[in-house]
Amino acid sequence: MFVSKIGTALAFVLIFYSARDALSGQWLLYAFLWWLMFVFDEIGQAIGPKYSIQEAVAGIVSETIYLPLSAYLTQWLLGV
């Protein structure tokens, strides 16, 4: 799980950095696109076995909080 989270965090920052000219000042749009991707993932997992609707909702709520914060912080740290 730890390796997966580190990989996602690195991808989040590196994609933002690579597209910094196109995404300048659009951190909320970037966060929304990632949020949408994670929501589809949560729904897909909830359809499958061993994952409940409650877990999917909890995941969506947490992503709604941390993705905009992550995008804003990434933009601020990169100075874009």
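A residue is called buried when its relative accessible area is under 20%, exposed when over 50%, and partly exposed in between (1.4 Å probe, protein chains only). The model is predicted, so that local features need pLDDT of at least 70 and side-chain atom pairs count only at pLDDT 80 or more, while totals for chains, interfaces and linings use all residues. Residues are numbered from 1 along each chain as its sequence is written, and side-chain values use heavy atoms, with hydrogens and water left out.

**Exercise 1. Describe the secondary structure and the overall extent of the protein.**

Step 1. Helices (H or I, at least four residues) and strands (E, at least two) are DSSP runs, numbered from the N terminus. By this rule the protein has 4 helices and 0 strands, and its pattern along the sequence is α-α-α-α.

Step 2. The C-alpha trace spans about 40 × 25 × 15 Å along its principal axes.

Step 3. Of the 80 residues, 21% are buried.

**Exercise 2. Characterise helix H3 and its packing.**

Step 1. Helix H3 covers residues 27-47. Its 21 residues reach 30 Å from the first C-alpha to the last, close to the 30 Å expected at 1.5 Å a residue; the expected span is 1.5 Å times one less than the number of residues.

Step 2. The buried residues of H3 are Tyr30, Ala31, Trp34, Phe38, Val39, Glu42 and Ala46.

Step 3. These buried residues pack against H1, helix H2 (20-23) and H4, where contact means heavy atoms within 4.5 Å.

**Exercise 3. Identify the largest nonpolar core and the helices that supply it.**

Step 1. A nonpolar core is a set of buried Ala, Val, Leu, Ile, Met, Phe, Trp, Tyr and Cys residues joined through side-chain atoms within 4.5 Å. The largest one holds 9 residues: Phe12, Phe16, Leu23, Tyr30, Ala31, Trp34, Phe38, Leu67 and Ala71.

Step 2. At least two residues of this core come from each of helix H1 (2-18), helix H3 (27-47) and helix H4 (53-78). H3 gives the most, with 4 residues.

Step 3. Consider the core member Leu23. Apart from neighbours within four places in sequence, Leu23 is in contact with Phe16, Tyr30 and Gln75.

**Exercise 4. Assess how far apart in sequence the contacting residues lie.**

Step 1. Take the contacts in the protein with a separation of 6 or more.

Step 2. Residues 24 or more positions apart account for 62% of these contacts.
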